[in-house]
Amino acid sequence: MQLFRGRRPIGRRAIAGLFFLFVGGLYQGALAQSGPEVEDKRFRIIGELELTGSTLPLAGQDFLADPAIVPEIDAARVDLRPAWQRHAAPSYNAPGQPVIAIVIDDLGMNPTTVARAVDLEGPLTLSFLPYAKGIARSVVAARDAGHEVLAHIPMEPLNPAQRPGPNTLKLSQSPRELRWRLSWALDRVPGSVGISNHMGSKFTADTSAMSLVLAEVKQRGMLYLDSLTIETSRGAPLADQMGMPFLQRDIFIDHRAADKGSVLTQLEKLKGLALKRGYAVGIGHPHESTFAALEEWLPHLDQTQIALVPVSVIAAREAPTVRSLPASGAMVE
Ligand SMILES: [Zn+2]
């Protein structure tokens with residue numbers, strides 16, 4: 001190729017310029033192809049935030065960087081606290097006052113039981129199965145009513161006859177698959193403070209599987225509530241080692257065949273434990289007897305004596321040390 005005309009070089013610079021123009025063109029073309037997909041994704045995320053009623057976006061979302069999409073975010077007002085604090089339900093307790101948290105598990109599949117749980121006096125902690133249909137709406141209703149929300153992550157039980165549901169975390173899955181399933185579940189329950197395990201008597205007893213799950217949860221700034229479906233669960237000891245917020249279930253307030261009277265008895269046990277130790281965590285399920293008992297018991301709870309709080313308060317306040325399973329902790333999955 002002739003690079004020189006007389007004494008003046010056409011210039012390597014000119015050739016380099018042409019080359020960059022060509023590469024730039026390719027890049028623009030690629031942007032034009034991927035552009036709409038990126039925008040759709042961003043609008044979807046913003047849509048979810050609007051649904052949650054939250055005024056502040058989740059940390060680290062890339063749409064913050066694009067003023068064309070979110071034109072008026074005041075950087076000074078962006079809440080940089082971790083998700084478990086940012087999404088905490090409002091509550092009050094005096095310093096040193098005994099507190100109890102009541103969690104209702106397995107919610108989302110039945111709109112009637114969701115409405116019943118949401119209508120209970122709170123703040124309670126409502127734990128939603130990520131694969132439930134129309135879950136975003138349920139979560140918004142729960143948060144608007146002043147309750148706190150957990151993602152109730154399905155994990156593999158020891159008994160294969162028990163079915164935790166779609167996208168269950170299993171020991172046979174690769175780390176990549178586990179991360180994908182967990183991420184899918186967490187995206188389905190926006191505005192949650194953390195996760196708890198649905199079933200999981202096999203999965204939670206495995207150190208490497210739980211290490212992976214908890215690392216993801218910690219990275220997202222969330223807390224872990226161990227439902228303790230098996231006493232050898234590795235969840236709480238690992239969360240403790242990893243320095244992340246966590247807590248453990250003390251008492252299941254119901255079981256499948258429980259009548260209202262036995263749920264009330266369990267609630268009194270929960271109260272007794274809180275008075276003795278300073279805090280207690282109870283877990284119930286969306287059964288008729290459980291709702292009937294809570295509808296009767298909650299309005300009569302003397303909150304000058306014991307404050308009803310969401311799980312985030314206990315995770316923040318108690319910095320619990322890992323403890324053995326209390327005598328009243330019957331195994332329920
Ligand atoms: Zn469950």
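**Figure 1. Residues 320-330, a stretch where pLDDT stays under 50.** For residues 320-330 the model has 17 contacts beyond four places in sequence. Here pLDDT is the predictor's confidence in each residue, from 0 to 100, and two residues are in contact if their C-beta atoms, placed from the backbone, lie within 7 Å. You are looking at a predicted model, in which local features need pLDDT of at least 70 and side-chain atom pairs count only at pLDDT 80 or more, while totals for chains, interfaces and linings use all residues. Residues are numbered from 1 along each chain as its sequence is written. The protein chain has a mean pLDDT of 82, with 73% of its residues reaching 70 or more. At residues 1-7 the pLDDT is below 50, and this stretch has five contacts in the model beyond near neighbours in sequence. Where pLDDT is low, the predicted coordinates should not be read in detail.

**Figure 2. The whole protein chain, with its ten helices and eleven strands.** Helices (H or I, at least four residues) and strands (E, at least two) are DSSP runs, numbered from the N terminus. The protein chain has 333 residues, and 39% of them count as buried. A residue is buried if 20 or more other C-beta atoms lie within 10 Å of its own, exposed if 12 or fewer, and partly exposed in between, with C-beta atoms placed from the backbone. Take the contacts between residues at least 6 apart in sequence: 72% of these join residues at least 24 apart.

**Figure 3. His152 and the residues around it in space.** His152 belongs to strand E5 (residues 148-155). Its C-beta has 30 others within 10 Å, which means that His152 is buried. Leaving aside neighbours within four places in sequence, His152 is in contact with Asp105, Asp106, Ser127, Phe128, Leu129, Ser196 and His198. Look for Phe128 in this view: His152 and Phe128 are 24 residues apart in sequence, and their C-alpha atoms are 5.2 Å apart in space.

**Figure 4. Backbone details at Asp106, Leu228 and the bond from Gly122 to Pro123.** Asp106 is not a glycine, yet it has a positive phi of about 60°. You will find Asp106 in strand E3 (residues 99-107), and it is buried because 20 other C-beta atoms lie within 10 Å. Leu228, also not a glycine, has a positive phi of about 50°. The place to look for Leu228 is the loop between strand E7 (223-226) and helix H7 (235-242). With 25 other C-beta atoms within 10 Å, Leu228 is buried. The peptide bond from Gly122 to Pro123 is cis, and its omega is near 5°. Pro123 sits in the loop between helix H3 (111-118) and strand E4 (125-128).

**Figure 5. Helix H5 packing with helix H6.** Two packed helices are described by the angle between their axes and the distance between the axes. For H5 (residues 175-188) and H6 (residues 207-219), the angle is about 45° and the axes are 10 Å apart. Axes are lines fitted to C-alpha atoms, for helices over the stretch in contact, and angles run from 0 to 180 degrees between N-to-C directions. H5 and H6 are therefore oblique to each other (under 35 degrees is roughly parallel, over 145 roughly antiparallel, 65 to 115 roughly perpendicular and the rest oblique). H5 and H6 make a right-handed crossing (the near helix is turned clockwise from the far one by less than a right angle; anticlockwise would be left-handed). From H5, Pro175, Leu178, Arg179 and Leu182 meet Ala209, Leu212, Val213 and Glu216 of H6. The contact of H5 with H6 has six nonpolar, no polar and two charged residues (Ala, Val, Leu, Ile, Met, Phe, Trp, Tyr, Cys and Pro count as nonpolar, Asp, Glu, Lys and Arg as charged, and the others, Gly among them, as polar).

**Figure 6. Helix H6 packing with helix H7.** The axes of H6 and H7 are 10 Å apart, at an angle of about 50°. That angle is why H6 and H7 are oblique to each other. Their crossing is right-handed. Thr207, Met210, Ser211, Leu214 and Lys218 of H6 make the contact with Gly235, Leu238, Ala239 and Met242 of H7. By class, the contact of H6 with H7 has five nonpolar, three polar and one charged residues.

**Figure 7. Helix H8 crossing helix H9.** H8 (residues 260-277) and H9 (residues 288-297) have axes that come within 8 Å and cross at roughly 55°. That makes H8 oblique to H9. The crossing of H8 and H9 is right-handed. Lys260, Val263, Leu264 and Leu267 of H8 make the contact with Ser289, Thr290, Ala292, Ala293 and Trp297 of H9. The contact of H8 with H9 includes six nonpolar, two polar and one charged residues.
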